[in-house]
Amino acid sequence: MTHGTLLTVAPTGAESAKADVPALPVTVEEVVATARDCERVGAAVIHLHVRDADTRPTLDLGRVREVVAAVRENTDLIVQLSTGGAVTDPFDARLAVLDAEPDAASLTLGTVNFGRDVFSNPWDLIVELHTQMQQRGIVPEYEVFDLGQLATLARLLDRHGLPHGGHVHVDLVMGVPGGMPGTAQALTACLPLLPPGATFAATGVGRTSLPVMLAALSAGGHLRVGMEDTLTYAPGEPVRDNAQLVARAAGLARIAQRPPMSTDEARDLLGIKPMETAR
């Protein structure tokens, strides 16, 4: 069990519309303000999906680079880009976000039903993302939506070697309709299948956010929270902003006597070198 808790904030995602969720940060300025607020209350990593000028999800490389540069200029957060994009994004565009040179990027380990949609992640794409990140010095966060995807991770590491930085970090994404449920039992079932020496975080989608956080902390895991995954703070109470979710996670981590990691501690854990451009 680690002595601190790595807190990742996923502030935007690709699913919710700004018109439906006015508090969702979508402009560069809103993302930067969110990043600052979340860093102040305990986040060490920001997991970024990018929106265009019309607030729609985009993988436009110029826009992605602009957001990465702005967050780096204004915070010390580890910048992790999503290579998942939206479920409709083509594979080549998802691979191209690595050209924005983030510190880290997500890498989903299998295809999963995503509500009424299909989030496609075939084996060849998984291998290409893994090897491209190795070559570019980008640290992957392996996103797991179901138990079998941990078997895919074992096969990937066996055939293509450890990720850049040498440390395997997994995010268990729980509660997505079509993936594993957001329960303590499901989380516990995953743990024996983690690679030796790996660390894990857990993300509880929607109403599973709190039970997943508590289960992850009790098992020595880390936490991802944010408005990408959770829009309700309590029954009948919308989330005010991302910092509200990070602050709650930080409070639970302190109760567990595993306080939030600093960005330097998080970089050390994940094998990410300090960025020269960091503030």
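The following questions and answers go through cavities, cores, aromatic pairs and backbone angles in a predicted model.

Trainee: How many cavities of 30 Å³ or more are there?
Mentor: The largest cavity has about 90 Å³ of space. The second largest has a volume of about 50 Å³. With the cut-off at 30 Å³ or more, the count of cavities comes to 3.

Trainee: Which residues are closest to the centre of the largest cavity?
Mentor: The volume in question is about 90 Å³. Its lining has 14 residues, and those closest to the centre are H49, V50, T58, L59 and G85.

Trainee: How many charged residues are in the lining of the largest cavity?
Mentor: Sorted by class, the lining has 9 nonpolar residues and 4 polar ones. The charged class is left, and its number is 1.

Trainee: Which strand gives the most residues to the lining of the second largest cavity?
Mentor: The lining consists of L6, T8, V45, Q80, A104, V139, P140, E141, H169 and L270. By class these are 6 nonpolar, 3 polar and 1 charged. The element that gives the most, with 3 residues, spans residues 139–144 and is strand β7.

Trainee: What is the volume of the largest pocket?
Mentor: The lining of the largest pocket has 25 residues, with E15, F114, V205, E228 and D229 nearest its centre. By class, the lining divides into 10 nonpolar, 10 polar and 5 charged residues. The volume of the largest pocket is about 380 Å³.

Trainee: Which helix gives the largest share of the largest nonpolar core?
Mentor: Nonpolar side chains tend to be buried together in soluble globular proteins. Here the largest nonpolar core has 69 residues, and Y142, V170 and L172 have the most contacts inside it. The largest share of this core is 7 residues, and these come from helix α8, residues 242–255.

Trainee: What does L172 touch, leaving out residues up to four places away in sequence?
Mentor: L172 is among the residues with the most contacts inside the largest nonpolar core. Outside the excluded stretch of sequence, the residues that L172 touches are V144, M180, L187, C190, F200, A201, A202 and T203.

Trainee: How many residues are in the second, separate core?
Mentor: This core is separate from the largest one, and its members include I78, A266, L269 and I272. The number of residues in the second core is 11.

Trainee: What kind of aromatic pair do F114 and F145 form?
Mentor: The structure holds 3 aromatic pairs. In the pair of F114 and F145, the ring centres are 6.3 Å apart and the planes lie at 65°. Planes over 60 degrees apart fall in one class, so this pair is edge-to-face.

Trainee: How many residues apart in sequence are the parts that this pair ties together?
Mentor: F114 lies in strand β5 (residues 112–114), while F145 lies in the loop between β7 and α5 (148–160). The pair therefore ties together parts whose separation in sequence is 31 residues.

Trainee: Is F114 buried, exposed or partly exposed?
Mentor: Buried means under 20% relative accessible area and exposed means over 50%. F145, at 4%, is buried. F114 has 22% relative accessibility, so F114 counts as partly exposed.

Trainee: What is the angle between the planes of F119 and F145?
Mentor: F119 is buried, with a relative accessible area of 6%. F119 and F145 form an edge-to-face pair at 5.9 Å centre to centre, and the angle between the planes is 80°.

Trainee: Which residues form one aromatic cluster?
Mentor: F145 pairs with F114, and F145 also pairs with F119. F114 touches both F119 and F145, as well as E15, V87, V176 and P177. The one aromatic cluster is formed by F114, F119 and F145.

Trainee: What distance separates the C-alpha atoms of F114 and G179?
Mentor: Along the chain, F114 and G179 are 65 residues apart. Their C-alpha atoms are separated by 7.5 Å.

Trainee: What is phi of T55 near?
Mentor: Most residues other than glycine have a negative phi. T55 lies in the loop between β2 (45–48) and α2 (61–74) and is partly exposed at 27% relative accessibility. Its phi is positive, near 70°.

Trainee: Is E101 buried or exposed?
Mentor: E101 is found in the loop between α3 (91–96) and β4 (104–108). E101 has a positive phi of about 55°, although it is not a glycine. At 57% relative accessibility, E101 counts as exposed.

Note on methods
Residues are numbered from 1 along each chain as its sequence is written. Side-chain values use heavy atoms; hydrogens and water are left out. On a 1 Å grid over the protein atoms alone, a cavity is a set of points where a 1.4 Å probe fits but cannot get out, and a pocket is an open set with protein on both sides within 12 Å along at least five of seven lines; lining residues have an atom within 4 Å of a point. Grid points are joined across faces, edges and corners, and a volume is the space filled by probe spheres set on the points. Ala, Val, Leu, Ile, Met, Phe, Trp, Tyr, Cys and Pro count as nonpolar, Asp, Glu, Lys and Arg as charged, and the others, Gly among them, as polar. Helices (H or I, at least four residues) and strands (E, at least two) are DSSP runs, numbered from the N terminus. A nonpolar core is a set of buried Ala, Val, Leu, Ile, Met, Phe, Trp, Tyr and Cys residues joined through side-chain atoms within 4.5 Å. Buried means under 20% relative accessible area, exposed over 50%, partly exposed in between (1.4 Å probe, protein chains only). Contact means heavy atoms within 4.5 Å. Rings of Phe, Tyr and Trp (its six-membered ring) pair if their centres lie within 6.5 Å; planes under 30 degrees apart count as stacked, over 60 as edge-to-face and the rest as tilted.
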